[in-house]
Amino acid sequence: MFTWKKYVYEVYRERSFTKAAQNLYISQPSLSARIRKIEESIGVPLFDRSTSPLQLTEAGKVYIEAAEEIFKIEQRVENDMNHLNNLETGHLSLGGSNLFSAYILPPLITKFKQRFPHVNIRLTEGNTAQLEELLGNNSLDFVIDNYHYDHLLYDRELYCSENILLAVPKNANINRELSRYQLSYDDVKNQTYLRPEHPAVPLKAFSDLPFIMLSPGNDTRSRGERLCQKAGFSPNIILELEQQSTAYMAASTQLGTTFISDILVRQLPSFETLVYYKLEGDAARRQVYFYYKTHKFKTRVMEEFITLIHEQNDRSSHVAGSLPPVSDR
């Protein structure tokens, strides 16, 4: 009924088949035939052809009112699509743990908002189990995590490599014996400690120290225990906490030794009460990914965010320079 509505509307606007046909670049007989087919499909004429200029019938008035509503809807949809394509509107939902939500995502969100200020961004903080559930039910577009999600369900974009360090209270006597292994804050900040000239410390040397660890089930806790086990001892855990940042702050009071991400160390000011050591083994290295559902439709907003991730990854690789690569396990 409304397939050829523009023809009906042009006749209504011009009050003439001849003028309407000229505006539409078709012949008058062709235009008349199309209008007649519409009238036959609805069973009543749209125009009173006995008047000059043409007048609408009652059915014609109803038709034109409906056509104008359709034109408005079409224009609104076209405008909305243009806004989406130009990212003048849209939504992006991100999720991450406390560490990533506090130190990694805010700068990325700032850069994205600078490019696309009208996109609405929502950030959700949680643990891996909570975030994976939200990603799975489409409540989140991306989750940043150092945990490996099911590759059959989720695609991923590498963001950066992460290394686990040992942060030891400066007043621990063992530090005097291990001075050649110690890392400065600048070594960690600039990631120069990853170069071969900085050796990994023998972790066994710290077996008598008290340890501050994250709660069981946390990946950093599991990796710390594996590193200790490989070194031949079980850590003396005096305190269990939920967040790396809290464990780091506790260690800075010289309460105990802790395993800490180099990402966190680089984001916070140096603690004069701590010294840092490089660790050896696969358990001390992991990679940080942005995960998203494999079969989820990627909006233009999501595609642009993936582009930003790649840019940041390239920039990190350039800054690292000659540092040895970490394999994608």
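Reader: Let's start with isoleucine 109: which helix is it found in?
Author: Isoleucine 109 belongs to helix H6, residues 105-115. Helices here are DSSP runs of H or I with at least four residues, strands are E runs of at least two, and both are numbered from the N terminus. This is a predicted model, where local features need pLDDT of at least 70, side-chain atom pairs count only at pLDDT 80 or more, and totals for chains, interfaces and linings use all residues. Residues are numbered from 1 along each chain as its sequence is written, and side-chain values use heavy atoms, with hydrogens and water left out.

Reader: Thanks! Is isoleucine 109 buried or exposed?
Author: Isoleucine 109 counts as buried, because its relative accessibility is 17%. The cut-offs are under 20% relative accessible area for buried, over 50% for exposed, and partly exposed in between, using a 1.4 Å probe and protein chains only.

Reader: And what is isoleucine 109 in contact with, leaving aside neighbours within four places in sequence?
Author: Leu94, Ile121 and Leu123. Contact means heavy atoms within 4.5 Å.

Reader: How many Å apart in space are isoleucine 109 and phenylalanine 233?
Author: They are 42 Å apart, C-alpha to C-alpha, with their positions 124 residues apart in sequence.

Reader: Switching to the N-terminal helices. At what angle do H2 and H3 pack?
Author: Helix H2 (residues 17-24) and helix H3 (residues 28-42) pack at about 105 degrees, and their axes are 9 Å apart. That makes H2 roughly perpendicular to H3. The axes are lines fitted to C-alpha atoms, for helices over the stretch in contact, and angles run from 0 to 180 degrees between N-to-C directions. Under 35 degrees counts as roughly parallel, over 145 as roughly antiparallel, 65 to 115 as roughly perpendicular, and the rest as oblique.

Reader: Which residues meet there, H2 against H3?
Author: From H2 there are Phe17, Thr18, Ala20, Ala21 and Leu24, and they meet Gln28, Leu31, Ser32 and Ile35 of H3. By class, this contact has six nonpolar, three polar and no charged residues. For those classes, Ala, Val, Leu, Ile, Met, Phe, Trp, Tyr, Cys and Pro are nonpolar, Asp, Glu, Lys and Arg are charged, and the others, Gly among them, are polar.

Reader: Nice. How about H1 and H3, what is their angle?
Author: Helix H1 (residues 5-14) packs with H3 at about 110 degrees, with the axes 10 Å apart. H1 and H3 are therefore roughly perpendicular to each other.

Reader: Which residues of H1 meet H3?
Author: Tyr7, Val8 and Val11 in H1, and on the H3 side they meet Leu31, Arg34, Ile35 and Ile38. This contact of H1 with H3 has six nonpolar, no polar and one charged residues.

Reader: Staying with H1, where is lysine 6, and is lysine 6 far along the sequence from glutamate 68 or how many residues apart?
Author: Lysine 6 is found in helix H1. Lysine 6 and glutamate 68 are 62 residues apart in sequence and 9.8 Å apart in space, C-alpha to C-alpha. Lysine 6 is partly exposed, as its relative accessible area is 47%.

Reader: Now the backbone. Which residues have a positive phi although they are not glycine?
Author: Tyrosine 25, with a phi of about 60 degrees, and asparagine 138, with a phi of about 70 degrees, are examples. Most residues other than glycine have a negative phi, and most peptide bonds are trans.

Reader: Where are those two found?
Author: Tyrosine 25 is in the loop between H2 and H3, and counts as exposed at 76% relative accessibility. Asparagine 138 lies in the loop between helix H7 (128-136) and strand S5 (142-145), and is partly exposed at 42%.

Reader: Which peptide bond is cis?
Author: The one from serine 52 to proline 53, with omega near 0 degrees. Proline 53 sits in the loop between strand S1 (47-48) and strand S2 (55-56).

Reader: Last one: how many disulfides?
Author: The count comes to zero, where a disulfide is a pair of cysteine sulfur atoms within 2.5 Å. Cysteine 160 is buried at 11% relative accessibility, and cysteine 228 is buried at 0%.
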